[in-house]
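Reader: I am new to this structure and would like a close look at a single part of it. Please choose one part, set it in its surroundings, and explain each term as it comes up.

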Amino acid sequence: MPDISPMLIRHLAPLLYALALWWVSTAVIILLYRLPQRTYRLSFAAITLVALASLAGIWLARENTGVWGAYLGFTGGTLVWGWQLAGFYMGFVTGPREEPFVWHPSDIVRFGQAVHASLHHELAALAGVGILAALSWGAPNMLGLWTYLLLWLMHLAAKINIFLGARNFHAGLLPDHLRHLGVFFRYRPMNLFFPLSVTGAIVIATLLWRWALHPDATDYQAVAGTLLGFLTLLGLLEIWLLMTPPVGKAWGERRVDAG
């Protein structure tokens, strides 16, 4: 009877871990920004401590090319990205303009307005890439940086799809202080960027899974490739669902006017 323990350690366990970490971190962020705004400072302070601990973990794991080094780097990159999202959805790091915009028919004008509304968040996300690169660039274990970068790019792809037009997105997931962003949402059955973003995600996922499943892959490479490959598939699923017909309210959604 073949020994299945290597498969469990190298692929199934990291797959389940990536799913659990993605789901729990997303749920925690949604739950926290659904709380009254008076709780935001304390919540964000706690998340900031977690992010700082994650940066320390990425630094400590930069020379570790074992299985636990892969998990530590992946966890750190995910939690630092979670800090970025929490700062945005709680309203601490958004953009220079927080007042409602008047809908403009020009896509170019509306794109400029959308960038203005979230400019500080995007600059903070870019700064995060620089910090993680400074912590681990050239080291054997750069998984924290690659995880963060992958999450940021998938998030950008989803936002661009929503801006250009999507069939199924849930404006009710936005907190009240970000409802002014609803003016940038557009309902469309398809947009030109959607097939490009889906194709890009499929290519990245394929390359990562080939890396993870290569016969000569080390335990670190197998675990790291599985973590990133499955995370890419989750991002691909999120983008794909934007173009599926809506079947009901998303978890935690409140009914709002999207503008």
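Author: What follows begins with the chain as a whole and then turns to helix packing.

This is a predicted model, in which local features need pLDDT of at least 70 and side-chain atom pairs count only at pLDDT 80 or more, whereas totals for chains, interfaces and linings use all residues. Residues are numbered from 1 along each chain as its sequence is written, and side-chain values use heavy atoms, with hydrogens and water left out.

The protein chain has eight helices and zero strands, where helices (H or I, at least four residues) and strands (E, at least two) are DSSP runs numbered from the N terminus. Of its 259 residues, 46% are buried, a word that here means under 20% relative accessible area, with exposed meaning over 50% and partly exposed lying in between (1.4 Å probe, protein chains only). The chain exposes about 13,600 Å², and 72% of that area is supplied by carbon and sulfur atoms; such areas come from the Shrake-Rupley method with a 1.4 Å probe, and for residues only the protein chains shown count as cover. Contacts (heavy atoms within 4.5 Å) reach far along the sequence: among those between residues at least 6 apart, 79% join residues at least 24 apart.

The part to look at closely is helix H6, residues 143-164, beginning with its partner H5, residues 119-136, whose axis comes within 9 Å of the axis of H6 and crosses it at roughly 160°. Axes are lines fitted to C-alpha atoms, for helices over the stretch in contact, and angles run from 0 to 180 degrees between N-to-C directions. The crossing angle therefore makes H5 roughly antiparallel to H6, given that angles over 145 degrees count as roughly antiparallel, under 35 as roughly parallel, 65 to 115 as roughly perpendicular and the rest as oblique. The crossing of H5 with H6 is left-handed, which is the case if the near helix is turned anticlockwise from the far one by less than a right angle, and right-handed if clockwise.

On the H5 side, the residues that meet H6 include His-121, Glu-122, Gly-128, Leu-132 and Ser-136, while among those on the H6 side are Gly-144, Tyr-148, Trp-152, His-155 and Lys-159. The residues of this contact divide into 11 nonpolar, five polar and two charged, where Ala, Val, Leu, Ile, Met, Phe, Trp, Tyr, Cys and Pro count as nonpolar, Asp, Glu, Lys and Arg as charged, and the others, Gly among them, as polar.

Gly-128 of H5 is worth a separate look. Gly-128 counts as buried because its relative accessibility is 7%, and, leaving aside its neighbours within four places in sequence, it is in contact with Gln-84 and Tyr-148. Gln-84 stands 44 residues away from Gly-128 along the chain, yet their C-alpha atoms are separated by 8.4 Å.

Between H5 and H6 runs a loop that holds Asn-141, a residue that is buried because its relative accessible area is 3%. Beyond four places in sequence, Asn-141 is in contact with several residues, including Ala-61, Arg-62, Gly-69, Ser-136 and Tyr-220. Asn-64 also belongs to that group of contacts, and its C-alpha atom is 6.1 Å from that of Asn-141 although the two are 77 residues apart along the chain.

H6 has another partner in helix H7, residues 193-213, and these two pack at an angle of about 160° with their axes 9 Å apart. H6 is therefore roughly antiparallel to H7, and H6 passes H7 in a left-handed crossing. Here Leu-150, Met-154, Ala-157, Ile-160, Asn-161 and Leu-164 in H6 meet Phe-193, Phe-194, Ser-197, Ala-201 and Ile-204 in H7, and these residues divide into nine nonpolar, two polar and no charged.

A further link to the stretch of H6 comes from Thr-78, which lies in helix H3, residues 67-89. Thr-78 touches Thr-147 and Leu-151, as well as Leu-21 and Ser-25, when residues up to four places away in sequence are not counted. With a relative accessible area of 8%, Thr-78 is buried.
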